[in-house]
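The following briefing accompanies a structural model and is arranged by topic. Please read it alongside the sequence and coordinates shown here.

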Amino acid sequence: MEFFRKLIRSFIPPIFSVFVIQFILSLSPTISRYIVAVFTAPTKPQLKWVTMIKEKTWKGAWIGPSMSDCTGQPDELLKRIKDADLIIYKAHGGAFRVGHCLAPEFQYPVPVHECVGAYEYLVNTLKVPGSKIILSGDSAGGALCLETLIRVYAPDILKDIEAPRTNYSIELPAGLLLVSPLVDAETHLWLWEFKQDIITRSLAKTVLKEYLNLPEADDEHLHLLKLTRIQSGYNRFAPKNLLCYVGEREVMRDVILRLTECAKNDGSTKVQVRQENYEHNWYFIRELVGHHENHVLQQCDEQFVDFAAHCLQESDSQVTVVETLEVQQPLNLKALASKAKRTVKAHHPK
């Protein structure tokens with residue numbers, strides 16, 4: 001299977017990748033889920049970076065260098081977590097994807113409840129300070145990240161969009177990366193006439209039916225679809241720093257840009273937006289970027305490294321974190337960023 005992955009990534013033009021992905025996503029949820037799982041499963045070398053975790057109400061994975069050595073070793077895993085300079089909380093995209101409970105068997109809000117449980121495990125059980133956390137979500141995962149933050153820090157927003165933050169017992173995370181986030185169910189905008197995105201109107205209809213039970217469901221209970229209504233007060237739940245990657249050729253482009261513009265105009269969040277001439281979720285579905293344009297992905301990887309280093313540096317609780325973790329030397333953010341960039345370049349050979 002790894003041979004076919006390399007073949008697709010090296011020789012198949014992106015335009016064909018779009019049609020292949022469209023076809024796969026048009027299949028029944030069971031078949032689509034299986035194919036996606038096969039093509040996105042970790043390779044043998046990558047498995048060394050993974051150890052799985054399963055709690056009563058959610059499951060996930062810890063990913064890092066030699067993390068498989070921590071399998072069955074809870075003390076070693078906890079030490080690795082406490083020693084980490086940065087924790088990236090990742091909510092993957094795709095209503096049919098593997099990880100959180102799957103649609104159509106488990107509809108909204110089950111996935112967001114799992115995400116909330118995992119985040120609270122991170123900050124309440126493991127006591128990881130928000131100043132060390134960056135959330136990352138692509139497509140539906142972006143919406144899950146946003147709603148998770150609302151439910152943890154300002155849950156009353158779900159009933160009253162102007163409600164204040166009520167949870168001050170844990171600090172806000174240091175940053176948020178959104179990649180083509182799903183923030184609206186509107187499929188009648190002019191961009192939806194574009195047929196070359198991997199997200200089509202028919203796929204959106206299927207996802208909204210299987211994942212959100214639309215049109216039968218009451219919109220008032222679908223909080224995920226209210227995110228674009230928030231015009232101000234982002235500091236009630238959002239971190240100070242937001243980085244968003246969006247495709248010029250994706251049908252949800254304008255809705256995503258509207259959300260980032262609101263966050264930027266609010267003034268409490270520093271917003272960076274990067275648009276590239278690709279389709280939905282191009283940063284994570286890298287088959288959508290031509291092999292000869294890998295430099296774009298490398299630039300984005302390096303941009304994220306700089307973003308992460310800035311988030312850590314700006315954190316108000318940096319000194320407290322150093323004391324809590326009993327670090328013998330101050331955190332060298334420049335060295336950390338330089339090391340991360342070297343790693344990025346090593347994964348993008350010319």
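The protein has a mean pLDDT of 83, and 79% of its residues score at least 70; pLDDT is the predictor's confidence in each residue, from 0 to 100. This is a predicted model, in which local features need pLDDT of at least 70 and side-chain atom pairs count only at pLDDT 80 or more, while totals for chains, interfaces and linings use all residues. Residues are numbered from 1 along each chain as its sequence is written, and side-chain values use heavy atoms, with hydrogens and water left out.

**Confidence**

- Among the elements, strand β5 (residues 175–179) has the highest mean pLDDT, 98, and helix α11 (residues 318–324) the lowest, 36.
- The pLDDT falls below 50 over residues 96–100, a stretch with 21 contacts beyond near neighbours in sequence; a contact means heavy atoms within 4.5 Å.
- Residues 317–331 also have pLDDT below 50, and this stretch has 13 contacts beyond near neighbours in sequence.
- Where pLDDT is low, the predicted coordinates should not be read in detail.

**Overall composition**

- The protein contains 12 helices and seven strands, taken as DSSP runs (helices H or I, at least four residues; strands E, at least two) and numbered from the N terminus.
- Of the 350 residues, 48% are buried; buried means under 20% relative accessible area, exposed over 50%, and partly exposed in between (1.4 Å probe, protein chains only).
- Of the contacts with a separation of 6 or more, 73% link residues 24 or more positions apart.
- The exposed area is about 18200 Å², of which carbon and sulfur atoms supply 58%; accessible areas come from the Shrake-Rupley method with a 1.4 Å probe, and for residues only the protein chains shown count as cover.

**Nonpolar core**

- The largest nonpolar core has 88 residues, of which W62, F237, Y245 and W282 touch the most other members; such a core is a set of buried Ala, Val, Leu, Ile, Met, Phe, Trp, Tyr and Cys residues joined through side-chain atoms within 4.5 Å.
- Helix α7 contributes the largest share of this core, nine residues.
- Beyond its neighbours within four places in sequence, W62 has contacts that include W49, M67, L77, L122 and L126.

**Strands β3, β4 and β5**

- Strand β4 (residues 133–138) has six of its six residues buried.
- On one side of β4 lie I133, L135 and G137, and on the other I134, S136 and D138, so that both faces are covered.
- Strand β3 (residues 87–91) runs parallel to β4 and is joined to it by five bridges, with A91 having G137 as its bridge partner; strands pair if DSSP finds at least two bridges between them.
- β4 and β5 are likewise parallel and joined by five bridges, and D138 stands opposite V179 in β5.
- The chain passes from β4 through α7 to β5 in a right-handed β-α-β crossover, meaning that, with the strands pointing away from the viewer, the path from the first strand over the helix to the second runs clockwise.

**Strands β6 and β7**

- Strands β6 (residues 241–247) and β7 (residues 270–276) pair in the parallel sense over seven bridges, and V246 has Q275 in β7 as its bridge partner.
- Together with helix α9 (residues 253–266), β6 and β7 form a right-handed β-α-β unit.

**Residue T166**

- T166 lies in the loop between α7 (140–153) and β5, and its relative accessible area of 46% makes it partly exposed.
- Its contacts beyond four places in sequence are with Y153, A154, P155 and D156.
- The C-alpha atoms of T166 and V152, 14 residues apart along the chain, are 9.0 Å apart.
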